[in-house]
Amino acid sequence: MPTINVGGVEIEVDEDGFIADPNLWNEAVAKALAETEGVSELTEDHWKVVNYLRNYYLQFGIAPMIRKLCKETGFSLKQIYDLFPSGPAKGACKVAGLPKPTGCV
């Protein structure tokens with residue numbers, strides 16, 4: 001299984017770059033994963049989306065639907081794509097340390 005190196009620690013990721021164990025996620029891991037998505041800096045808006053996704057996942061065990069993500073964060077889908085060019089499922093969920101979503105995030 002591929003790995004990413006975060007601060008000298010190797011973290012396993014799947015073939016699409018999602019971390020294998022969401023419990024290993026922290027802000028340093030988020031920053032490293034963001035760089036793999038072409039996001040060089042995580043702004044306050046990025047963290048708002050990431051923290052919402054992370055908290056939702058920890059509470060319900062799944063990623064929220066796109067509509068819920070937009071409604072709860074106050075961002076339009078276009079704004080989400082501006083923040084995470086690869087989209088809410090691939091980009092935002094990956095940075096938030098969630099497993100690869102199976103449905104429509």
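# Exercises on a predicted five-helix chain

In helix 5, the buried residues are Gly87, Pro88, Gly91, Ala92, Cys93, Lys94 and Val95. The model that contains them is predicted, and the exercises below begin with this helix.

**Exercise 1. Determine whether helix 5 is mostly covered or mostly open, and state which helices its buried residues pack against.**

Solution.
Step 1. Count the buried positions: seven of the nine residues in helix 5 are buried, and the helix is therefore mostly covered under the cut-off of under 20% relative accessible area.
Step 2. Identify the partners: the buried residues of helix 5 pack against helix 1, helix 2, helix 3 and helix 4.
Step 3. Look just beyond the helix: Gly97 follows helix 5 and has a positive phi, near 80 degrees.

**Exercise 2. Check whether the span of helix 2 agrees or disagrees with its number of residues.**

Solution.
Step 1. Helix 2 covers residues 44–60, which gives 17 residues.
Step 2. The expected span is 1.5 Å times one less than the number of residues, and for helix 2 this comes to 24 Å.
Step 3. The end C-alpha atoms of helix 2 are 24 Å apart, so the two values agree.
Step 4. Just after this helix, Gly61 takes a positive phi of about 80 degrees.

**Exercise 3. State which residues of helix 2 are buried and where they pack.**

Solution.
Step 1. The buried residues of helix 2 are His46, Trp47, Val49, Val50, Tyr52, Leu53, Arg54, Tyr56 and Tyr57.
Step 2. These residues pack against helix 1 (27–36), helix 3 (66–73), helix 4 (77–83) and helix 5 (87–95).

**Exercise 4. Find which residues touch the most other members of the largest nonpolar core, and which elements supply the core.**

Solution.
Step 1. Recall the general tendency: in soluble globular proteins, nonpolar side chains tend to be buried together.
Step 2. The largest nonpolar core has 33 residues, and Val49 and Leu53 touch the most other members.
Step 3. Strand 1 (3–6), helix 1, helix 2, helix 3, helix 4 and helix 5 each supply at least two residues of this core.
Step 4. Helix 2 gives the largest share, seven residues.
Step 5. Leaving aside residues up to four places away in sequence, Leu53 touches Pro64, Leu69, Ala92, Cys93, Ala96 and Leu98.

**Exercise 5. Classify Cys70, Cys93 and Ile66 as buried or exposed, and state how many disulfides the structure holds.**

Solution.
Step 1. The cut-off for a buried residue is under 20% relative accessible area.
Step 2. Cys70 has a value of 15% and is therefore buried.
Step 3. Cys93, at 0%, is likewise buried.
Step 4. Ile66 lies in helix 3; its relative accessibility is 18%, so Ile66 counts as buried.
Step 5. A disulfide is a covalent bond between the sulfur atoms of two cysteines. The structure holds zero disulfides.

**Exercise 6. Describe the fold of the whole chain and decide whether the chain is as compact as a globular protein of its length.**

Solution.
Step 1. The chain has five helices and two strands, and along the sequence they follow the pattern β-β-α-α-α-α-α.
Step 2. The radius of gyration is 13 Å, close to the 13 Å given by the globule rule for 105 residues, so the chain is as compact as a globular protein of that length.
Step 3. The C-alpha trace spans about 35 × 25 × 20 Å along its principal axes.
Step 4. Of the 105 residues, 46% count as buried.
Step 5. Among contacts with a separation of 6 or more, 50% join residues 24 or more positions apart.

Terms used
Residues are numbered from 1 along each chain as its sequence is written. This is a predicted model: local features need pLDDT of at least 70, side-chain atom pairs count only at pLDDT 80 or more; totals for chains, interfaces and linings use all residues. Side-chain values use heavy atoms; hydrogens and water are left out. A disulfide is a pair of cysteine sulfur atoms within 2.5 Å. Buried means under 20% relative accessible area, exposed over 50%, partly exposed in between (1.4 Å probe, protein chains only). Helices (H or I, at least four residues) and strands (E, at least two) are DSSP runs, numbered from the N terminus. Contact means heavy atoms within 4.5 Å. The radius of gyration is taken over C-alpha atoms; the globule rule is 2.2 Å times the number of residues to the power 0.38. A nonpolar core is a set of buried Ala, Val, Leu, Ile, Met, Phe, Trp, Tyr and Cys residues joined through side-chain atoms within 4.5 Å.
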